[in-house]
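Student: Please give me a close look at one pocket of this protein, and then lead me from there to the other parts of the fold that help me to read it. I would like one connected explanation rather than a list.

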Amino acid sequence: MKSDIEIAQEAVLEPIKDVVKSMGIEEDDLELYGKYKAKLTDEYYEKIKDNKDGKLVLVTAINPTPAGEGKTTTSVGLGQALCKMGKKAIIALREPSLGPCFGIKGGAAGGGYAQVVPMEDLNLHFTGDFHAITSANNLLAAMLDNHIQQGNELGIDTRQVVWKRCLDMNDRVLRNVVVGLGNKLDGVVREDHFVITVASEIMAILCLANDMKDLKDRLSKIIVAYNYKGEPVTAGQLNATGAMAALLKDAIKPNVIQTLEHTPALVHGGPFANIAHGCNSVRATKTALKMADIVVTEAGFGADLGAEKFFDIKCRKAGLKPDAVVLVATIRALKYNGGVPKAELATENLEALKKGIVNLEKHIENLQKFGVPVVVTLNSFVTDSEAENQFVKNFCEERGCEFALSRVWEFGGDGGMELAEKVVETLETKESNFKVLYPDDMSLKDKIATIAREVYGANGATYSPQAEKALKTITDMGYGNLPICMAKTQYSLSDDQTKLGRPTDFDINVREVYISAGAGFVVAITGAIMTMPGLPKVPAANGIDVSDDGVITGLF
């Protein structure tokens with residue numbers, strides 16, 4: 001079988017201006033980035049904003065394992081299959097981060113014959129959105145330190161600077177740094193930190209903002225530090241809002257590319273779901289809903305992270321109402337959750353499958369708590385046995401879920417027809433009674449405990465003294481009505497990545513809490529999760545190269 005990049009490079013792409021004609025988009029509605037990439041203009045959204053919304057389908061997954069699940073692949077393949085059925089469908093995805101591309105996870109363009117292309121462009125610089133976010137983040141950091149250096153009129157306590165610099169790369173040595181070393185003109189010496197760009201509050205703000213006015217309002221509310229009285233200091237007080245907005249002027253516009261089968265795909269924004277809210281931009285999703293009858297979007301990592309934040313943060317803040325959820329699993333991943341080593345996953349093992357399927361069971365239960373109809377799909381592998389597939393099918397149907405096998409990696413849209421038919425049937429026959437998990441007026445601690453108990457299956461939450469103090473301060477500042485963005489390992493329902501399956505009798509340990517006032521949520525960091533990842537012993541970057549004639553190899 002050819003590699004993903006070989007399949008993508010052999011594809012014959014259509015000019016993006018031709019791909020989007022089926023959606024009624026004219027060339028004047030596009031800002032072209034070459035022949036195959038474009039941004040949608042602000043004027044285009046104004047033209048379609050009164051259209052009736054289409055149906056919104058969220059694709060999520062069980063907890064990721066080394067065996068792979070294929071959530072983005074399924075999203076792309078489902079979109080292709082819906083178009084093959086004659087449906088007016090579009091896909092709305094996130095942009096990949098350079099960190100995983102050069103690290104261990106790889107890119108985020110899908111796989112096999114269910115990919116969005118141009119794959120190399122998307123996984124690398126694309127249209128420059130991440131560079132713009134990085135620049136805006138670091139401009140604010142530079143203006144903050146310059147303000148302190150130039151007299152510190154706002155009385156910023158350098159021991160309480162909370163704004164971090166960022167870089168879209170896995171670089172562990174930047175987690176904790178000292179800045180301002182040298183002579184007096186080189187700034188004030190203080191401890192500083194870096195996060196990966198996808199964890200920047202500006203990434204979250206870009207993805208949650210409705211328009212430029214909303215973007216600027218959110219940017220102005222960013223809390224960068226506290227003064228000597230303990231009062232928050234904001235980006236607005238540093239007069240940084242306008243300059244940051246100028247850097248983000250183009251980045252706020254959704255990008256449009258195509259799948260291997262020329263289905264249009266909006267790809268915009270890219271927060272990770274383990275350390276951020278894990279969804280593509282509100283602006284892209286709302287635009288897609290005006291463009292198509294069915295919109296397929298996805299949320300990062302397992303449903304305990306991406307889907308929960310999609311519902312409790314994105315839908316709550318943007319007024320979105322999902323109509324159905326597709327929950328992706330694989331036989332291999334379920335057996336891995338049942339204790340089978342990665343090297344032995346190709347062998348039929350019903351006992352391990354029965355042990356590991358409890359992970360899928362918990363995710364089904366969680367999604368049903370939000371009142372949205374669930375379709376479970378098995379991303380099929382040739383090593384899966386008929387008995388294993390039938391066991392999962394029966395298991396899902398006994399729990400009130402539709403079930404479909406997906407073979408989109410191997411066959412593209414044709415391999416997703418069974419899934420597409422189940423999704424369409426669900427949209428036509430089942431009503432979504434979507435509701436969020438907790439009310440706005442619940443206390444922050446109770447929100448965290450609710451997520452821990454209801455979604456993760458924990459007994460409750462414990463807090464470090466630092467986290468306890470931060471929760472009180474944030475509540476006293478008037479932010480107690482905001483939703484919670486949990487930062488947690490993606491590999492387990494618990495905050496311990498070694499606990500597979502469906503852990504029981506555990507607590508979630510919250511070690512740090514901080515306010516993202518511009519984004520509009522409170523972040524609770526649990527376990528050992530890091531907001532700046534590191535590279536593995538053998539990073540993917542080792543295998544990436546460019547041939548003498550300019551062809552990139554090794555991306556996956």
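Tutor: Before we sort any residues, we need the classes: Ala, Val, Leu, Ile, Met, Phe, Trp, Tyr, Cys and Pro count as nonpolar, Asp, Glu, Lys and Arg count as charged, and the others, with Gly among them, count as polar. Please also keep in mind that what you see is a predicted model.

Let us begin with the second largest pocket, whose volume is about 1,400 Å³. Its lining is made up of 47 residues, and those closest to the centre of the pocket are Val162, Lys164, Gln466, Glu512 and Tyr514. By the classes given above, the lining of this pocket divides into 26 nonpolar, 11 polar and 10 charged residues. Many elements take part, and each of the following supplies at least two residues of the lining: strands E7 (156–161), E10 (190–192), E11 (194–196), E12 (223–227), E22 (507–516) and E23 (521–526), together with helices H8 (201–208) and H19 (465–476).

A pocket is open, whereas a cavity is a space from which the probe cannot get out, and the count of cavities of 30 Å³ or more comes to 3. The largest cavity has a volume of about 80 Å³, and the residues around it include Glu95, Pro96, Leu122, His125, Phe126, Asp129, His131 and Asp168. Helix H7 (residues 129–149) gives the largest share of this lining, with 3 residues, and by class the lining of the largest cavity holds 6 nonpolar, 3 polar and 3 charged residues.

From these spaces we can turn to a residue in a loop. Asn170 sits in the loop between strand E8 (165–167) and strand E9 (177–179), and this residue is buried because its relative accessible area is 9%, where the limit for buried is under 20%. Leaving out its neighbours within four places in sequence, Asn170 is in contact with Gly99, Pro100, Gly103, Ile196, Met532, Pro533, Gly534 and Leu535. Compare this with its separation from Val256, which is 86 residues away from Asn170 in sequence and 27 Å away in space, taken from C-alpha to C-alpha.

Thr377 gives us a buried residue in a strand, namely E18 (residues 374–379). Its relative accessible area is 0%, and therefore Thr377 counts as buried. When residues up to four places away in sequence are not counted, Thr377 touches Thr74, Val326, Leu327, Val328, Ala329, Ala404, Leu405, Ser406 and Leu419.

Next comes the nonpolar interior. The largest nonpolar core has 139 residues, and Phe311, Leu360 and Val392 are the ones that touch the most other members. For Val392, the contacts beyond four places in sequence are Ile331, Leu334, Leu353, Ile357, Leu360, Leu378 and Phe403. Apart from the largest core lies another one, of 21 residues, which includes Ile7, Met119, Leu122 and Ile552.

Charged side chains also pair up, and the count of salt bridges comes to 37. One of them joins the side chains of Asp53 and Lys290, with 2.9 Å from N to O. This pair links distant parts of the chain, 237 residues apart, since Asp53 lies in the loop between helix H3 (42–48) and strand E3 (55–61), while Lys290 lies in helix H11 (residues 282–291). The two partners differ in how much they are covered, because Lys290 is buried at a relative accessible area of 15%, whereas Asp53, at 42%, counts as partly exposed. The burial of Lys290 fits its helix, as H11 is mostly covered, with 9 of its 10 residues buried.

Another salt bridge joins Lys422 and Glu402, whose closest N and O atoms are 3.3 Å apart. Here too the pair links distant parts of the chain, with Lys422 in helix H17 (residues 417–429) and Glu402 in strand E19 (residues 402–406), 20 residues apart. Glu402 is buried, with a relative accessible area of 17%, and Lys422 is partly exposed, at 22%. Elsewhere, salt bridges with shared partners join Glu361, Glu365, Glu398, Arg399 and Arg502 into one network. Within it, the closest N and O atoms of Arg399 and Glu398 are 3.5 Å apart, and Glu398 is exposed at 64% relative accessible area, while Arg399 is partly exposed at 27%.

Notes
Residues are numbered from 1 along each chain as its sequence is written. This is a predicted model: local features need pLDDT of at least 70, side-chain atom pairs count only at pLDDT 80 or more; totals for chains, interfaces and linings use all residues. Side-chain values use heavy atoms; hydrogens and water are left out. On a 1 Å grid over the protein atoms alone, a cavity is a set of points where a 1.4 Å probe fits but cannot get out, and a pocket is an open set with protein on both sides within 12 Å along at least five of seven lines; lining residues have an atom within 4 Å of a point. Grid points are joined across faces, edges and corners, and a volume is the space filled by probe spheres set on the points. Helices (H or I, at least four residues) and strands (E, at least two) are DSSP runs, numbered from the N terminus. A salt bridge is a side-chain nitrogen of Lys or Arg within 4 Å of a carboxyl oxygen of Asp or Glu. Buried means under 20% relative accessible area, exposed over 50%, partly exposed in between (1.4 Å probe, protein chains only). A nonpolar core is a set of buried Ala, Val, Leu, Ile, Met, Phe, Trp, Tyr and Cys residues joined through side-chain atoms within 4.5 Å. Contact means heavy atoms within 4.5 Å.
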